[in-house]
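Visitor: Could you take me closely through a single part of this model, the surroundings of the ligand?

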Amino acid sequence: MSQHKHNPAKAIQDIQFFGEFGGVNPSISDSATYTFLKAKTMLDTFEGNTDGCYLYSRHTSPSNHYLSMALAKMENTESANVAGSGMGAITPVILQLAHAGDHIVSSRTIYGGTYAFLKNWTPKFDIQTSFVDITDLDKVKAAIQPNTKMIYAETLSNPLLELADVEGLAKIAKKHGIKLVIDNTFTPLIFSPANMGADVVIHSLTKFINGTNDTVGGVICSTNEFINELKNVNDGSSMLLGPVMDSLRSAQVLKNLRTLPIRMIQHSKNAAYLAKNLEQDGVKVKYPGLKSHPQHDLFTKMMHPEFGYGGMMTLDLKTGDMATEFMERLQDKNVGYLAVSLGFYKTLFNAPGKGTSSEVPEEEQAAMGLSDGLIRMSIGLDFDIADTYQKMKETLHEVGYFKNNLQTH
Ligand SMILES: *Cc1c(COP(=O)(O)O)cnc(C)c1O
């Protein structure tokens with residue numbers, strides 16, 4: 001597959017930006033507005049005709065430009081534009097591509113905020129969305145209408161860890177002349193969706209890419225043409241809605257990006273260890289690195305193999321009460337934190353049915369296999385993962401998981 005010629009970690013390694021005084025990190029821009037020596041240059045910059053000139057920090061700042069260029073290199077796209085949050089990246093893309101009277105085909109298992117935006121917010125402006133099982137390409141094809149403008153999916157979906165066949169979806173999108181938008185938040189470096197035909201690749205930088213859970217952030221990676229459209233001063237959604245990232249934060253995210261390759265390898269290694277051992281113990285665990293994952297083979301075909309199968313796994317503890325007790329006890333033992341979000345250096349866990357996916361109505365949750373006892377875990381960078389595993393197993397015993405298993409057999 002062509003994506004393997006481009007190595008996203010090597011792309012990060014090759015990034016070279018110097019500071020104003022020869023600093024090994026680029027200088028942080030501490031200005032909202034920028035001066036011009038000639039009035040004409042200012043006018044040209046307004047029209048987007050000058051490279052290397054800055055106008056106003058809602059449009060772009062040097063610090064945001066550095067981070068954007070680094071992320072474009074990572075995703076192998078021509079350009080990128082960072083945003084103040086993941087939602088600050090997702091919503092302008094949707095509103096730039098779909099207008100009143102248009103239609104969107106979206107995966108039904110997506111981040112709760114994106115789901116709420118497509119289900120509750122965009123209909124107010126007469127943009128309708130059909131939610132489909134993204135793993136079934138025939139269902140995707142069947143959902144496309146004459147007014148469909150985009151297919152929206154997450155490479156690895158939140159929270160059910162369903163994999164989107166990006167190449168297959170790209171073929172459908174191309175055939176209909178519509179855009180394929182992929183949220184790659186769960187799987188940075190592991191997948192390069194643009195190499196597989198995605199038109200727009202989005203990340204919430206809040207998660208693995210920043211990795212320290214101290215800020216929210218987002219990015220849109222795409223062609224020069226689309227990024228310039230988003231930043232257009234007259235009708236660009238990113239420019240006019242204004243979800244801008246602060247320069248101090250983007251400088252920090254750029255530094256954290258440098259260690260993303262080694263972090264992803266460790267997240268994947270730890271999650272694979274836990275998933276394999278817990279499955280052997282008879283625990284209902286879903287992890288794309290396990291043969292039992294319905295799309296294990298497709299994942300293997302699509303991935304950059306050196307980064308593993310990622311840090312996300314789910315456990316199904318049958319009842320919501322058991323899941324709650326399990327998580328509270330894990331937190332007491334300092335295995336991790338009962339918290340939403342993911343990609344942190346410590347393990348994070350939550351029950352998405354009642355939490356991050358609570359925007360999804362209960363009957364729809366049941367239809368997609370999102371049970372009350374489902375726990376989403378973002379596995380941390382633990383040095384001693386065997387010890388973590390022992391604690392998890394011991395806690396499963398404490399909450400009666402194995403006892404109940406015996407009773408039902
Ligand atoms: C968290 C998340 C988002 C939203 O990002 P924010 O930074 O919280 O705005 C979007 N998509 C996915 C897959 C996420 O996990």
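Guide: For sorting residues by class, Ala, Val, Leu, Ile, Met, Phe, Trp, Tyr, Cys and Pro count as nonpolar, Asp, Glu, Lys and Arg as charged, and the others, Gly among them, as polar. On that basis the shell around the ligand consists of six polar, five nonpolar and three charged residues. This is a predicted model, in which local features need pLDDT of at least 70 and side-chain atom pairs count only at pLDDT 80 or more, while totals for chains, interfaces and linings use all residues. Residues are numbered from 1 along each chain as its sequence is written, and side-chain values use heavy atoms, with hydrogens and water left out.

A residue is near the ligand if one of its heavy atoms lies within 4 Å of it, and of the 14 residues around the ligand, those that come nearest are Gly86, Met87, Asp183, Thr206 and Lys207. Helix H4, which spans residues 86-97, gives the most to this shell, with three residues; helices here are DSSP runs (H or I, at least four residues), numbered from the N terminus.

Several of these neighbours make polar contacts, meaning pairs of N or O atoms within 3.5 Å. A backbone N or O atom of Gly86 lies 2.8 Å from an oxygen atom of the ligand, and a polar backbone atom of Met87 is likewise 2.8 Å from a ligand oxygen atom. From Asp183, a polar side-chain atom lies 2.6 Å from a nitrogen atom of the ligand. The protein covers 93% of the 380 Å² of accessible area that the ligand has on its own, as computed by the Shrake-Rupley method with a 1.4 Å probe.

How values were computed
A polar contact is a pair of N or O atoms within 3.5 Å; within protein, one must be able to donate a hydrogen and the other to accept it, and residues adjacent in sequence count only if both atoms are side-chain atoms. Helices (H or I, at least four residues) and strands (E, at least two) are DSSP runs, numbered from the N terminus.
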